Protein chains: 2
Amino acid sequence: MALDRQEGIGSVAGEPGSELGVIEDVEVVDVRFPTSAELDGSDAMNPSPDYSAAYVRLRTRAGETGYSLVFTVGRGNDLQVAAIEAMRPLVVGQHLGDLVGDVSRLGLSMTGDSQLRWLGPNKGVIHMAAGGIVNAAWDLLARRAGQPLWRLLSELEPEQLVSLVDFRYLTDALSPADALSILGDARAGRDQRADELVAEGYPAYTTTPGWLGYSDEKLATLSAGAKADGFPMVKLKVGASRRDDLRRLGIAREVLGEDYLVSVDANQIWGVPDAISELDQLAVFSPYWVEEPTSPDDIAGHAAIRRAVAPIKVATGEHVQNAVMFKQYLQQGALDVVQIDACRVAGVNENLANLLLAARFGVPVCPHAGGVGLCEMVQHLAMFDFVAVSGSTEGRFVEHVDHLHEHFAAPARIERGRYVAPREPGGGAEMLPASVEAYSYPGGEKWAGALGAS
Amino acid sequence: MALDRQEGIGSVAGEPGSELGVIEDVEVVDVRFPTSAELDGSDAMNPSPDYSAAYVRLRTRAGETGYSLVFTVGRGNDLQVAAIEAMRPLVVGQHLGDLVGDVSRLGLSMTGDSQLRWLGPNKGVIHMAAGGIVNAAWDLLARRAGQPLWRLLSELEPEQLVSLVDFRYLTDALSPADALSILGDARAGRDQRADELVAEGYPAYTTTPGWLGYSDEKLATLSAGAKADGFPMVKLKVGASRRDDLRRLGIAREVLGEDYLVSVDANQIWGVPDAISELDQLAVFSPYWVEEPTSPDDIAGHAAIRRAVAPIKVATGEHVQNAVMFKQYLQQGALDVVQIDACRVAGVNENLANLLLAARFGVPVCPHAGGVGLCEMVQHLAMFDFVAVSGSTEGRFVEHVDHLHEHFAAPARIERGRYVAPREPGGGAEMLPASVEAYSYPGGEKWAGALGAS
């Protein structure tokens, strides 16, 4: 569906005909943080990640810059950088408004490129690369509008939002009319919810205490701290050892009490029967949800696990490759919690589709965050969901992990266990130039020494 | 499941302890053919592909070389090359037998690498890269054994074959015991079927007449030629224009008669409701199967289409990213024909899982080929399926397209509409050194001129 520029995003993308809105360059930097040294981020499938970002700067002829990043966990970040660079010829010379506002053109230029799509289609590094550029374009538009991304999106009209979605593979579950109806229903009360958001923030939960590599003492101390800080839920990594899982969940329950929400995250380590038997063992600790119990590609497997482990909720999404997969997860009743990720899919536009799909099926969205920059980015989508899509924070929280925020120009802020609504213009991904320089790989000062020493 | 070396593939991988079996280098070349100039390969989603290969040469310390390739359609082939190169540190220094024979080790070293898997997992360029290396290793093993790959695989014992499969995410549909039972049942008659294969070849069908970019006259002439050459089925590309589809199917039916098999291939252009309504229009020409009617990620969508368009069969697979997806396609009754691709998944090992899954559900495998090198490679898997897995060629054909075979050391051979069983040692992917050099991109002589002139 081609966008009619007059009812689309053109109005916030500058004058359609202006040469100044044309994209002049896409710059990508390989930035990596040596998090493996501290076992921050360690889970059953990722014993020692180096949180990394393929960091994108999109520049227009007018001299404006939009920032975004694609999160990875270390090796292969260079490949993600190369994938974004492969998009450059399709993007440079295009008008910014076309990239974000004209779905048919976006499809044609990136996710639908007739040769590049063989490498996916709509999945993996090539799809995340499109997302990196789309998100940078949205960041730039928000800066131009002088608004945080969540507010820019929340103030678009339902028709404008619908025009941003590629419905090609979604209409059997979500038609443009369905989407318009959802957004129309949420139109009432938008301003009130935006005010409420600014006053009270958005609910968060924390994974900070739960990394597999942490000692029992650190787990206990950080769990108690999380509760004291006002977080309503703590999430623990599980799946490497049943004995360890039982001991660690016991510690968490002892510290946190029976009524506190404790979730577990298996990071895909189990097959379907294993997931069911392991969760049967862990059920005595009443986990609130189990995250990624098996392959993110196994929709039917998640459905079978969900049926077997209820009332434990099933959550997934950080590795769900696109809206076609989320559509099926929802159609098949395969999950209780949709965990969108800011960087996994083709950017704000596809995440808008994911939010609409979740709303259509009445399933809450609890975004995946942590990593580096994910908290900063995905909070905008959750806040937009509250203000203008689902209209609710019931059963919803954004993940939070308290590291690497110091590298961002506008770090995510938590007060009393809630994300503070950003006021700074943009989408949250801008990093401090000094951090980009110091952690650029392999040449930055933080790596030159480390690599030399190893 | 770790492989016990004694009952695994170790016996064909050389002495386990031998230093000579250690991988010394992986070399990857970006090879592209300017097929877009002739509209060979043009379909609804790929108007002008340049058939390309990330061409792999794997060398052991003993000086042996194994060849494989990952097929792409042009832009992005450099990214596929880079993805394979990203595997190099995980592979160089490893023993060849470990790569192909020890599932837990293979998983750990490539598809399961804790950092690289973030870029998939198990999908896209990173997954195809693992397949490129695994396939090169199998090519080398077959050369060492002096056998074509189909025969090497066919002569392995059921226990050895089962040990090659990663069952982690498959056991709810296919357990090791199920696999052993399938392979055990096929044990009887293997030699007889191998002899039959050598004598009579394996059924093929042709897509040569059906590219969208061909004129009506070329379609008619090539269709008549295909029938005269003994092919039992012709496949036409559809989906760009209903009028064109109706006219072209009419031409094919007129030339080929009512009883001849004519299939159609939409290359993912439709959404689910569109696919159903378009096929309702095309049904008058009695297509045998519809291939890729919608997104390859939409299992439920394929199931809905299949229910609606019967008796037209639903086929898909060239973009099905891994065995977890094929598992669900089969569990949900979403297809009639499994179209494995030699290069899409993590090589021979994962395609063995795909063949076993198809056999478990009684669904025929009709591999995707064409492109460059795919006929040469995938014929081995179909022949192995006949000899040692499904034991049947009923309702089975391998796709054939008659271009670019001249660049291969052992080109696929067709006689009377059937693939001739290869006798040359290896897996089929070895290209002529002169072709690799001339078509290497962008430096090869075939490109230096073309790029300079444009």
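## Talking through a predicted two-chain model

Colleague: Helix α1 (residues 77-91) of chain B lies across some strands; at about what angle does the helix run to β1(B)?
Modeller: Keep in mind that we're looking at a predicted model. Helix α1 of chain B lies across β1, β2 and β3 of chain B. Angles here run from 0 to 180 degrees between N-to-C directions. For this helix and β1(B), the angle is about 180 degrees.

Colleague: OK, now the sheet itself. Which strands of chain B are at its edges?
Modeller: The sheet is an open one with 3 strands, and its order is β1-β2-β3 in chain B. The pairing is antiparallel. An edge strand here pairs on one side only, and that picks out β1 (23-32) and β3 (65-72) of chain B.

Colleague: What does the twist average from one strand to the next?
Modeller: Stay with that open sheet, β1-β2-β3 of chain B. Going from one strand to the next, the average twist is 20 degrees.

Colleague: Zooming in on β2(B) and β3(B), which residue is the bridge partner of V56(B)?
Modeller: Strand β2 of chain B covers residues 52-60, and it pairs with β3(B) in the antiparallel sense. There are 8 bridges in that pairing. Look across to β3(B), and the partner of V56(B) is S68(B).

Colleague: Let's hop to chain A. How far apart are the centres of its domain 1 and domain 2?
Modeller: Chain A splits into domain 1, residues 5-148, and domain 2, residues 187-438. Taking the centres over C-alpha atoms, the separation is 23 Å.

Colleague: Which element gives the largest share of the side of domain 1 of chain A that touches domain 2 of chain A?
Modeller: The contact takes 37 residues from domain 1 of chain A and 40 residues from domain 2 of chain A. On the domain 1 side, the elements giving two or more residues are β1 (23-32), β2 (52-60), β3 (65-72), α3 (103-111) and α4 (124-145) of chain A. The largest share is 10 residues, and it comes from α4(A).

Colleague: And where the two chains meet, how many residues on the side of chain A that touches chain B are charged?
Modeller: Here 51 residues of chain A are in contact with 51 residues of chain B. On the chain A side, α1 (77-91), α4, α11 (272-282), α12 (299-309) and α13 (323-331) of chain A each give two or more residues, with α1(A) supplying the largest share, 5 residues. By type, that side has 22 nonpolar residues and 22 polar ones, and the charged count is 7.

How values were computed
Residues are numbered from 1 along each chain as its sequence is written. Chains are lettered from A and ligands numbered from 1 in the order in which they are written. This is a predicted model: local features need pLDDT of at least 70, side-chain atom pairs count only at pLDDT 80 or more; totals for chains, interfaces and linings use all residues. Two strands pair if DSSP finds at least two bridges between them. Helices (H or I, at least four residues) and strands (E, at least two) are DSSP runs, numbered from the N terminus. Two residues are in contact if their C-beta atoms, placed from the backbone, lie within 7 Å. Domain bounds come from an automatic or database domain assignment. Ala, Val, Leu, Ile, Met, Phe, Trp, Tyr, Cys and Pro count as nonpolar, Asp, Glu, Lys and Arg as charged, and the others, Gly among them, as polar.
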